[in-house]
Amino acid sequence: FQKTQPGRSIFQYSLRGHAGGSWQAGHAETFGAEVASPLKSSIIADAQTGNKFNEAKGQFIGIDKSNVVLTAAKMAEANGEGLVLRFNEIKGQSTPVKIDLSWLAPTSVIETDLIENDKTPLALTQNTVALTIPPFGFKTLRLLRGTKPEPVSGMSATFNTNGCQVTWNDMPSAAYFEVFRSTSKDFKAGTGTYVASVSVNHYYDQTVRSGLSRTYYYTVRAVYAGKKSSFPAPVQAVNGILTDTLAPSVPVLSGQLLHSSKVTLTWTPSSDNYAIKGYKVFRDAKQIADLPEEFNSWLDTTVRPKNTYSYTVQAYDVNNNLSAASTPLVIATPCPIAITQGNIAPDAIVSASSEYNSDHCAANAVDASIGTGSSEWASKGEKIPWIQLTWSSSKTIDKILLYDRFNKDDNATGGTLSFSDGSQISVTGIPPNGGAKEVTFAKKTVTWVKFHITGGVGPNVGLSEIEVYAKR
């Protein structure tokens with residue numbers, strides 16, 4: 001699974017029992033489709049006549065075999081045009097199937113390979129195609145439909161020391177535009193010269209700038225939901241002055257508390273008349289992250305329980321124009337629900353000799369989450385690291401529980417507990433499987449406690465959790 005920085009990942013799992021002695025008899029292959037596309041119940045007021053598709057119900061394709069499912073419906077890649085549909089057979093049976101495409105009304109249908117290279121034209125009879133899909137196999141179809149759009153007009157390309165701004169007249173009815181580039185004036189646009197797809201009538205190319213020895217040319221075509229325009233004559237990129245003082249649009253920030261020590265943030269991507277370069281994330285008016293433009297989320301793992309935080313995000317473009325700050329998002333972190341009665345570790349300020357990364361920060365050792373890799377403190381390349389808990393006022397304690405990291409490679413087998421009163425306790429026998437090592441002692445009144453690992457094994461020794469109990 002991907003790490004928690006940056007952004008948030010959610011994995012959902014489902015289990016379903018079925019009748020029959022095997023998954024085939026129980027039709028388990030349909031489970032994925034049922035989970036991904038749950039049925040929605042509705043009342044049909046009147047008798048239904050005919051077999052036409054109902055656009056209001058989202059119907060647009062008819063498949064006459066239940067073991068054939070539509071698994072992809074998308075616009076074509078840059079090497080082709082039209083709509084691309086992919087069908088999979090899910091029961092392991094060679095299946096002749098008829099697919100009704102009446103609602104799409106294609107003018108032609110072509111079978112392609114997986115990467116959308118055309119293979120064979122298919123016969124289209126009353127908007128229906130017939131084909132055979134091999135067991136657990138697939139078929140990919142390209143549908144051409146509608147009217148070819150007019151070519152893009154008004155193209156220009158100007159570069160300076162930072163990059164090249166390519167613009168053209170807008171076509172509001174276009175789904176998007178494909179941009180192509182070459183060093184040849186009369187180049188044939190295709191896969192080898194494709195640069196990007198954009199939904200606006202401009203593209204900023206940061207690779208073409210002043211000082212390059214070769215001349216560059218651009219062309220653009222409009223993409224409709226069925227066909228693409230022809231290419232206008234390529235335009236030459238020329239050296240010139242590009243003035244940009246317009247700030248990006250303001251990101252719309254949202255987020256939620258995942259844990260008493262974790263806050264997830266996400267925001268809508270900003271737009272700009274040139275191009276977005278990145279996003280700055282602020283907590284309580286202090287910058288905590290600077291992310292490339294492809295990211296629009298962040299997971300803050302450095303918050304502490306029982307605090308209130310205010311987050312904002314600002315976008316900046318390739319010319320360093322900074323947007324206004326987003327509307328502040330205020331998050332209050334509670335004391336962890338799972339904390340055992342009397343455990344005062346989450347009330348402490350936590351510091352450590354090192355942290356492997358922000359996903360394995362020292363604060364994880366007091367987050368009441370035990371045995372979870374992303375909720376552990378891990379040092380950065382240390383075998384004998386230390387971690388310290390400091391309270392704002394004196395605490396009277398008589399017990400500490402230590403939990404090792406829950407993996408087979410990094411183990412804190414023992415160490416020394418030091419206290420602000422000058423006393424020390426030697427600790428041995430910390431279980432390597434994530435179980436608790438209980439250390440009890442006569443009550444001490446302290447403002448801090450420090451655990452210095454001295455029996456570390458592995459590259460990034462740390463702890464899953466440390467619990468400190470107040471004397472009652």
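## How far to trust the model

What is the mean pLDDT of the protein, and what share of its residues reach 70 or more? The mean pLDDT (the predictor's confidence in each residue, from 0 to 100) is 87, and 89% of the residues reach 70 or more. The weak spot to know about is residues 1–5, where the pLDDT is below 50. Beyond near neighbours in sequence, that stretch has 11 contacts in the model, a contact being heavy atoms within 4.5 Å.

A bit of housekeeping: this is a predicted model, where local features need pLDDT of at least 70 and side-chain atom pairs count only at pLDDT 80 or more, while totals for chains, interfaces and linings use all residues. Residues are numbered from 1 along each chain as its sequence is written, and side-chain values use heavy atoms, with hydrogens and water left out.

## The overall picture

Strands are what you'll see here: the protein has 32 of them, plus 1 helix. Both are DSSP runs numbered from the N terminus, with helices being H or I of at least four residues and strands E of at least two. Of the 472 residues, 43% are buried; that means under 20% relative accessible area, with exposed being over 50% and partly exposed in between (1.4 Å probe, protein chains only).

Take the contacts between residues at least 6 apart in sequence: 69% of them join residues at least 24 apart.

## A three-stranded sheet

One open sheet has 3 strands in the order β1-β4-β7, with antiparallel pairing. Strands pair here if DSSP finds at least two bridges between them. The edges are β1 (62–63) and β7 (128–133), each pairing on one side only. Strand β4 (residues 95–100) runs antiparallel to β7, and 6 bridges join the two. Look for V97, which has L131 of β7 as its bridge partner, and for I99, which stands opposite V129.

Which side chains of β7 are buried? V129, L131 and I133 are, and they point to one face. T128, A130 and T132 point to the other face and are not buried. In a regular strand, side chains alternate between the two faces of the sheet.

## A mixed four-stranded sheet

Another open sheet has 4 strands in the order β13-β10-β9-β16, and its pairing is mixed. Here β13 (202–205) and β16 (238–239) are at the edges with a single partner strand each, so one side of each has no neighbour in the sheet. The parallel pair of β9 (residues 156–159) and β16 is held by 2 bridges, and F159 sits opposite N239 of β16.

## Rings and charges

How many aromatic pairs turn up in the whole structure? The search finds 7, counting rings of Phe, Tyr and Trp (its six-membered ring) with centres within 6.5 Å; planes under 30 degrees apart count as stacked, over 60 as edge-to-face and the rest as tilted. W168 and F177 have ring centres 5.5 Å apart and planes at 65°, so they make an edge-to-face pair. Both of these residues are buried. W267 and Y279 are tilted, because their planes are at 55°, with the centres 5.6 Å apart. W267 lies in β18 (residues 262–267) and Y279 in β19 (residues 276–283), so this pair ties together parts 12 residues apart in sequence. W267 is buried at 2% relative accessible area, and Y279 is buried at 2% too. Ring pairs also link F180, Y194 and F231 into a cluster.

Two lysines are worth a look. K280 lies over the face of Y316, at 4.7 Å from the ring centre, and K444 lies over the face of F419, at 5.0 Å. The cut-off for a charge over a ring is NZ of Lys or CZ of Arg within 6 Å of the ring centre and within 35 degrees of the ring normal.

## Cysteines and a buried loop residue

There are 0 disulfides in the structure, taking a disulfide as a pair of cysteine sulfur atoms within 2.5 Å. C164 is buried at 0% relative accessible area, and C361 is buried at 2%.

Is N460 buried or exposed? With 16% relative accessibility, N460 counts as buried. N460 sits in the loop between β31 (456–457) and β32 (462–470). Leaving aside residues up to four places away in sequence, N460 touches Y356, A378, S379, K380, G381, E382, R405 and D410.
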